[in-house]
Structure formats: structure tokens, C-alpha cells
Amino acid sequence: MAADAFMKRKLAIFGSVHKVEPECNVHVMNKKRTNYMNRSLLIFGALVGMAACTSEDKNTSLVGCWTRDDGKSIECWEQKGDTLEGHGLQVMHGDTSAFEDLKLYEREGVRVYATRVGQNAEYIEFTETEPWVFVNPEHDFPKRIEYTFGEKNDLLVRVGEGEAAFTWRFVKPE
């Protein structure tokens, strides 16, 4: 009885009802299996695409303003074409002043992190040796700058190596 009511409702909505004959059940099962495979391939492709996008366009993780957890400095980054440009701002006695200009770009297939501190006219460049680790062995200090992204809008920036190294924690308001 319930099946008849279902068929009448379907007839009213779609205008016609096609019964699946027993010999057609194999076709229906194959179609379901094909749909399942197509969905699986689509999901797999999307995941691979996301991974590729993440590795190719990883600069976007840094976009926005990050405040150091002690409130003494801020890093603000914005995308400008293929380059990410940032400014390090220092907060002292309630006043904010720029103390560092930053750039992140790619040159000849290698990412470059460039910084210009204070009144210096030229940028000091660090090349990426592994994801988010930038090194310049010729520079006095620091020779290494490392960005580590946390789970919830937090960022650790380790500057230098060995005993002289220090780490700052930044957070990005949600």
C-alpha cells in the first residue's frame, strides 16, 4: 500500500513512472558503482589540487596582520601581484612606528625573503631552503629566519641560530 502511494506521488511530480525491470537492476548497480567511483576520483582530484595549490601559492598563509603576543610588534602582509609585501611595526608607549619592510617573492624557482630594517636603503635577501625556512649564510645576524604556522591563527617566527636565536609568537585576530 505504501509503495502504491509512493508511485502515485512520483507520478504526480514527474508525470511518468519508469519501473525498473529485474534485468535492469545490474545496470542500476553499475551506474551507482560508477557514480561512487566518479565521486571518489573527484574528491581525490580536489585533494591533490588543494595540495598543489597550497605548495604553489603558500604565500597567502601570511596575508593579514599578525600581532606579537606581548603586543610590542605587528607584522602586516598583503599580496601585490606575485609578491607578498609586509611591514614590521613596533609598538612603544602606545605609538606605532615602522621598523622593517619585508618582501616574499620567487626568483628563478626559489622563494626569497627580503628584509630592510630601519633606514637601510637595501634589502637583505634570504633564500628558502625548506618550506618557510630562509637562510643567508653571508649575513652577520640573523643567518636564518623560520616561520611556523600553528593550528589556530598563530605563527612562530624563529630568528637566528644557536644561543643567539629567539622566537616570537604572533597571533592573527579571527
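Modeller: A nonpolar core is a set of buried Ala, Val, Leu, Ile, Met, Phe, Trp, Tyr and Cys residues joined through side-chain atoms within 4.5 Å, and I will use the term in that sense for this predicted model.

Colleague: Which residues have the most contacts inside the largest nonpolar core, and which elements give two or more residues to this core?

Modeller: The largest nonpolar core has 16 residues, and those with the most contacts inside it are Leu62, Trp77, Leu104, Tyr113 and Tyr147. Two or more residues come from each of β4 (95-107), β8 (144-149) and β9 (154-159), and β9 gives the most, with 3 residues. In soluble globular proteins, nonpolar side chains tend to be buried together.

Colleague: What does tryptophan 77 touch, not counting residues up to four places away in sequence?

Modeller: With those neighbours left out, tryptophan 77 touches Leu62, Val63, Gly64, Trp66, Leu84, Glu85, Gly86, Leu102, Lys103, Leu104, Tyr113 and Tyr147.

Colleague: What is the pattern of helices and strands along the sequence of the protein?

Modeller: The protein has 2 helices and 10 strands, and read along the sequence they follow the pattern α-α-β-β-β-β-β-β-β-β-β-β. Of its 174 residues, 24% count as buried, and the accessible surface comes to about 12500 Å², of which 56% belongs to carbon and sulfur atoms.

Colleague: Why is tryptophan 132 counted as buried?

Modeller: Buried means under 20% relative accessible area, and tryptophan 132 has 9% relative accessibility, so it counts as buried. Tryptophan 132 is placed in the loop between β6 (124-130) and β7 (133-135), and its phi is near 65°, a positive value in a residue other than glycine.

Colleague: Why is asparagine 153 called partly exposed?

Modeller: Partly exposed lies between the buried limit of 20% and the exposed limit of 50%, and asparagine 153 has 32% relative accessibility, so it counts as partly exposed. Asparagine 153 is in the loop between β8 and β9, and it has a positive phi of about 45° although it is not a glycine. Most residues other than glycine have a negative phi, and most peptide bonds are trans.

Colleague: Which residues does a cis peptide bond join?

Modeller: The cis peptide bond joins phenylalanine 141 and proline 142, with omega at about -5°, and proline 142 has its place in the loop between β7 and β8.

Colleague: What makes glutamate 125 partly exposed?

Modeller: Its relative accessible area is 29%, and because the partly exposed class runs between 20% and 50%, that value falls inside the class. Glutamate 125 is found in strand β6 and, not counting residues up to four places away in sequence, touches Tyr105, Arg107, Val112, Tyr113, Ala114 and Asn136. The C-alpha atoms of glutamate 125 and valine 135, 10 residues apart along the chain, are separated by 8.4 Å.

Colleague: How many residues line the largest pocket, and how do they divide into nonpolar, polar and charged?

Modeller: The largest pocket has a volume of about 350 Å³ and is lined by 21 residues, of which Glu100, Thr115, Val117, Pro142 and Val159 lie nearest its centre. The lining divides into 16 nonpolar, 3 polar and 2 charged residues, and the elements that each supply at least two of its residues include β2 (73-80), β5 (110-117) and β10 (166-171).

Definitions and conventions: Residues are numbered from 1 along each chain as its sequence is written. This is a predicted model: local features need pLDDT of at least 70, side-chain atom pairs count only at pLDDT 80 or more; totals for chains, interfaces and linings use all residues. Side-chain values use heavy atoms; hydrogens and water are left out. Buried means under 20% relative accessible area, exposed over 50%, partly exposed in between (1.4 Å probe, protein chains only). Helices (H or I, at least four residues) and strands (E, at least two) are DSSP runs, numbered from the N terminus. Contact means heavy atoms within 4.5 Å. On a 1 Å grid over the protein atoms alone, a cavity is a set of points where a 1.4 Å probe fits but cannot get out, and a pocket is an open set with protein on both sides within 12 Å along at least five of seven lines; lining residues have an atom within 4 Å of a point. Grid points are joined across faces, edges and corners, and a volume is the space filled by probe spheres set on the points. Ala, Val, Leu, Ile, Met, Phe, Trp, Tyr, Cys and Pro count as nonpolar, Asp, Glu, Lys and Arg as charged, and the others, Gly among them, as polar. Accessible areas come from the Shrake-Rupley method with a 1.4 Å probe; for residues, only the protein chains shown count as cover.
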